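Please look through the following model with attention to how its parts meet. The text after it goes from a pair of domains to a single residue.

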Amino acid sequence: MAVELDVFVGNTTIMDEEVYQLWLDGYTVNDAVKVRMEGGVLDEIEASADVLLSDTMDQYRTFQMCERLLHSPTKLANQLLFQIPPHRQAMLIERYYTFDDAFVREVLGKKLSKGTKKDLDDISAKTGVTLKSCRRQFDNFKRVFKVVEELKGPLVENIRQHFLLSDKLARDYAAIVFFANNRFETGKKKLQYLNFQDFAFCAGQLINNWTVGAVDNLVEDMDVDLDKEFLQELKELKVLITDKDLLDQHKSLVCTALRGKTKAFNEMEANFKNLSRGLVNIATKLTNTKDVRDFFIDLVEKFIEPCRSDRWTAADVKLYLTHYTNSAHILDTFKHQVVWDRYMGVIKSCIFKMYHD
């Protein structure tokens, strides 16, 4: 008995974006088939469940074979095994390295080591992200960290060039690498209200202003490590709180500028010295590794919480910190304006981002 077959031969690798996303999200083949059937794909292509299962399995095999190339994205463009158009390659890479904010929030600032990897079961249960997807995301963080930690040059640019990521995703990975390298504490209860994008913004500020690379483009590890010389110079700011005349003068200038401009003026005046001590003490202790790790906790405890308890609005905080920073320029005997501006520029930006009314 003769059997007729319609055969189509082509050399472009067929990849369904929806199936790729299901694979990335850690769905098994059978679960992926269920999702596709529920989405009405059988009606669209007029195929049987067996054909759908076969198609899904075939695509999963293709993705698994591509995965080793996705670990080194620049190899994807130069290989001959899969004929994938450039725009499709870009989609495969970008989605492979995309991560869940809920997942990254749990590992942000932790060491990217086997110890943290052992916790992925718990993180998967807590976030609802499948264990397979958690492992992929964690391994991606670790891979990017290992490649860029020894490279010279700007961190974001190195990530973009080596992993062919979009600018936004490269900046997010730069934040992850920077947090892992400096081991910033992000898991404490009083920091839980902050999401990954809050921290990523702050990481960008720190990278652009407080690293060696912020002042010298030719230094090794420039965007990963904080500028130790700058951290040492921050100790000079202590005069703002140890010199009583300077402290009183600073308070007088700030209060004169604020009077009549906010309902929180009385609280600002009463708390000026405590708030100033808090911000200056954060600066002078950043030469200690532990105090660098506690940077965000200190900002919350020493400044954000006191302002919240006095019911300052975000506009109040902005007004206060602007005058607090600018008034130091008028102080007669204060000679550390450049260090002060470099410090307070980042502090203001981070607090504005972290202060949720």
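**Where two domains meet**

Between domain 2 and domain 3 of this protein, the count is 1 residue pair in polar contact, with both residues at pLDDT 80 or more, a confidence value that applies here because the model is predicted. The count of salt bridges between domain 2 and domain 3 is 0. On the side of domain 2 that touches domain 3, the residues divide by class into 2 nonpolar, 1 polar and 2 charged.

To place this interface in the chain, it helps to return to the domain division, in which domain 1 covers 17-97, domain 2 covers 101-187 and domain 3 covers 228-354. The C-alpha centres of domain 2 and domain 3 are 32 Å apart, and the contact between the two involves 5 residues of domain 2 and 6 residues of domain 3.

The size of an interface is often expressed as the accessible area that is lost when the parts come together. By that reckoning, domain 2 and domain 3 bury about 500 Å² between them, and 67% of this area lies on carbon and sulfur atoms. Within domain 2, the residues that lose the most area to domain 3 are Arg 183, Phe 184 and Glu 185, which together account for 79% of what that side buries.

A single residue, Glu 229, completes the tour, and its place is in helix H14, which spans residues 228-233. Is Glu 229 buried or exposed? Glu 229 counts as exposed because its relative accessible area is 59%, where the cut-off for exposed is over 50%. Its C-alpha atom is separated by 8.7 Å from that of Val 212, a residue 17 residues apart from Glu 229 along the chain.

Note on methods
Residues numbered from 1 in each chain as written. Predicted model: local features only at pLDDT ≥ 70, side-chain atom pairs only at ≥ 80, totals over all residues. Heavy atoms only, no water. Domains from an automatic or database assignment. Contact = heavy atoms within 4.5 Å. Buried area = accessible area lost by both parts, 1.4 Å probe. Salt bridge = Lys/Arg side-chain N within 4 Å of Asp/Glu carboxyl O. Polar contact = N/O pair within 3.5 Å; in protein donor to acceptor, adjacent residues only side chain to side chain. Nonpolar A, V, L, I, M, F, W, Y, C, P; charged D, E, K, R; others polar. Helix = DSSP H or I, 4+ residues; strand = E, 2+ residues; numbered from the N terminus. Buried < 20%, exposed > 50% of the residue type's maximum accessible area, 1.4 Å probe, protein only.
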